[in-house]
Amino acid sequence: MASISGICYPSPALRLRLRRSLPILSPSCIRHLRPPRSIVGLPRSSSSAASSSAVPAEKIKNGAVEKDPIKLWHRYVDWFYQHKELGLFLDVSRIGFTEKFFDQMEPKLQKAFRAMQDLEKGAIANPDEGRMVGHYWLRNPKLAPNSFLRLQIENTLDAICKFADDVISAKIKPPSSSAGRFTQVLSVGIGGSALGPQFVSEALAPDNPPLKIRFIDNTDPAGIDHQIAQLGPELASTLVIVISKSGGTPETRNGLLEIQKAFREAGLDFSKQGVAITQENSLLDNTARIEGWLARFPMFDWVGGRTSEMSAVGLLPAALQAFISFFLLQGIDIKEMLVGASLMDEANRTTVVKDNPAALLALCWSWASGGIGSKDMVVLPYKDSLLLFSRYLQQLVMESLGKEFDLDGNRVNQGLTVYGNKGSTDQHAYIQQLREGVHNFFVTFIEVLHDRPSGHDWELEPGVTCGDYLFGMLQGTRSALYANDRESITVTVQQVTPRSVGALIALYERAVGIYACLININAYHQPGVEAGKKAAGEVLALQKRILAVLNEASCKEPIEPLSLEEIAERCHVPEQIEMIYKIVAHLAANNRALIAEGSCGSPRSIKVFLGECNVDELYA
Ligand SMILES: O=P(O)(O)OC[C@H]1O[C@H](O)[C@H](O)[C@@H](O)[C@@H]1O
């Protein structure tokens, strides 16, 4: 046997012998081999109980990390889930929930199924905002509660496909580019208006696309400049998609204003290259309409930002990312994404928990995190193209579940922390702590069976391909973590395709919905986000007052530099002196205020004035 980093591989000769002698067990056969559920319900080891202070007593008493490999194999087979048509498998065997726990959760899961059925029928599932929650209708418009909504969905999909085809085939082209067609797509948006499109692009974009997509997802001027600089002369052939459900998110507005400035400076007409995706009559929608942008696509009130990948938000950017297929240029197959999501939704409608992958995930989350978020979910896809899945899930899970109050108004401070990057890369970063350090997590491995999409591979050493290493690393990490009582889930897909990506998104959307029902919270609002936005607005309002005070003092003859105390006093906010210092330091670092005395390193010594006084502002 050849041994690589503790993983044993049979020699090529032995491998051939094994191949000839062993019948091939397909996962579908495995599903029918259900041995008795004998191993759940064993006592958890005392060492594991001691290290999990936050888990409920019931779990410590009855839970167990089973170590007997044969019993584990039975548990694996017993709980193995497969979706044949999607080629998606789910292994929850390394989460040690007990039969008793399962029985306790069963009625709660049935209640959650009923809540999901009501939601799909159009109930006001977001009570705070009085909204329906309809992202499931996007991939199966027949489910929409009325024909108006169904038509809206279908017409929007048709419009997206037509627009993308016209752009790709250069029927719609930029007015003043020598290229004669669009060559770049720039997507401006943040949060749910960026993370889905970014994830899908990373997962599915062709290697050398004729229409390359890039993103502005922040109000960082240096980041924006970087994108514009990289576009260079291709700005003239860039299609800019501005995405914002509300149409008023400051970061997105700023990105738009910056890019419009770049267009003006290059002598280009932005309106001929701009597309808006937003709610009807939002600020963005009205701007795009009044300025006569190239196109506008609707974002529906009943689709939340973090579940909007299957709306125009995700579908248009994907459909524009073209590659050559059978001598034709076509975008990422968005209809296949919708089929993947729809098939997964269908599977998740069964009320048989064992056959419902989203419910199984929710069950595992409840067990592993005690239903109170006591453990973090580390998401590790072993495939570079799925790198952004954990980042995408971070918003989907944390913005949905991280809530102060439950639906009955009790303070619960709920949540489930998500982080992760990719394997095996993370094995060389933080897996050390996961294996041996603080025990505050469970892992979700995402496994992709096909190593290379082309299907061709070569052995970089006898009997072993590069992909075998990746496979070995995943299996090795899963085993090593489990051997140290660290629990994990494994989701397996055959390949990263539009269909499997759609299915993964749908799987987690539903798991979040079910889990939210189990913990009795509203998964579809985000009241906590407003506090930061409001505070940011107050900082900018204070900055305007400081500038007015400094302007007045700087217009005097001679100029009157002011200390921080004097600025605070003249702004009538002495209690805000720390924030005033930070604002002044930021202005000074960007040459928008000048330090007359002292330095920013010693705040008490600073005296500050403006380089140029604005008399107009003074008498305005
Ligand atoms: O799409 P927008 O309205 O611009 O919103 C972008 C993001 O803004 C907020 O931060 C919300 O918490 C997110 O859920 C949302 O995705």
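Modeller: A residue counts as buried when its relative accessible area is under 20%. The model discussed here is predicted.

Biologist: Are tryptophan 79 and phenylalanine 102 buried or exposed?
Modeller: The cut-off for buried is under 20% relative accessible area. Tryptophan 79 has 3%. Phenylalanine 102 has 7%. Both values are under the cut-off, so both residues are buried.

Biologist: How many aromatic pairs are there, and what form does the one between tryptophan 79 and phenylalanine 102 take?
Modeller: The count comes to 19 aromatic pairs. In the pair of tryptophan 79 and phenylalanine 102, the ring centres are 5.4 Å apart, with 70° between the planes. Planes over 60 degrees apart count as edge-to-face. The count is therefore 19, and the form of this pair is edge-to-face.

Biologist: Which helices does that pair link?
Modeller: The two residues are 23 apart along the chain, and the pair links distant parts of it. Tryptophan 79 sits in residues 69–79 and phenylalanine 102 in residues 99–120. Those helices are α5 and α6.

Biologist: Why does phenylalanine 102 count as buried?
Modeller: Buried requires under 20% relative accessible area. Phenylalanine 102 meets that because its relative accessibility is 7%.

Biologist: What is the centre to centre distance between tryptophan 365 and tyrosine 515?
Modeller: Tryptophan 365 and tyrosine 515 form an edge-to-face aromatic pair, with 70° between the planes. Their centre to centre distance is 5.7 Å.

Biologist: How many residues apart are tryptophan 365 and tyrosine 515?
Modeller: Tryptophan 365 belongs to helix α14 (residues 357–368) and tyrosine 515 to helix α18 (residues 498–518). The pair links distant parts of the chain. The separation is 150 residues.

Biologist: Are tryptophan 365 and tyrosine 515 buried or exposed? Which residues do ring pairs link into a cluster?
Modeller: Tryptophan 365 and tyrosine 515 are both buried. Ring pairs also tie them into a cluster. The members are Phe199, Trp365, Phe389, Tyr392, Tyr508 and Tyr515.

Biologist: Which arginine lies over the face of tyrosine 136?
Modeller: A charge counts as over a ring only within 6 Å of the ring centre. Arginine 75 lies 4.8 Å from the ring centre of phenylalanine 97, over its face. Over tyrosine 136, at 4.0 Å from the ring centre, is arginine 510.

Biologist: Now the ligand. Which residues around the ligand come nearest?
Modeller: The shell holds 14 residues. Two are nonpolar, eight polar and four charged. Those that come nearest are Ser193, Ser244, Ser246, Thr249 and Glu399.

Biologist: Which helices each supply at least two residues of the shell?
Modeller: One covers residues 389–401 and the other 527–554. They are α15 and α19.

Biologist: What share of the ligand's accessible area does the protein cover?
Modeller: A backbone N or O atom of glycine 192 is 2.8 Å from a ligand oxygen. Side-chain N or O atoms of serine 193 and serine 246 lie 2.6 Å and 2.7 Å from a ligand oxygen. On its own the ligand has 390 Å² of accessible area, and the protein's share of cover is 87%.

Biologist: What does proline 527 count as at 48% relative accessibility?
Modeller: Proline 527 is in helix α19. Values above the buried range but not over 50% lie in between. At 48%, proline 527 is therefore partly exposed.

Biologist: Where does arginine 214 lie?
Modeller: Arginine 214 counts as buried, at 10% relative accessibility. Its C-alpha is 45 Å from that of histidine 572. Its place, within residues 212–216, is strand β6.

Note on methods. Residues are numbered from 1 along each chain as its sequence is written. This is a predicted model: local features need pLDDT of at least 70, side-chain atom pairs count only at pLDDT 80 or more; totals for chains, interfaces and linings use all residues. Side-chain values use heavy atoms; hydrogens and water are left out. A residue is near a molecule or strand if one of its heavy atoms lies within 4 Å of it. A polar contact is a pair of N or O atoms within 3.5 Å; within protein, one must be able to donate a hydrogen and the other to accept it, and residues adjacent in sequence count only if both atoms are side-chain atoms. Accessible areas come from the Shrake-Rupley method with a 1.4 Å probe; for residues, only the protein chains shown count as cover. Helices (H or I, at least four residues) and strands (E, at least two) are DSSP runs, numbered from the N terminus. Ala, Val, Leu, Ile, Met, Phe, Trp, Tyr, Cys and Pro count as nonpolar, Asp, Glu, Lys and Arg as charged, and the others, Gly among them, as polar. Rings of Phe, Tyr and Trp (its six-membered ring) pair if their centres lie within 6.5 Å; planes under 30 degrees apart count as stacked, over 60 as edge-to-face and the rest as tilted. Buried means under 20% relative accessible area, exposed over 50%, partly exposed in between (1.4 Å probe, protein chains only). A charge sits over a ring if NZ of Lys or CZ of Arg is within 6 Å of the ring centre and within 35 degrees of the ring normal.
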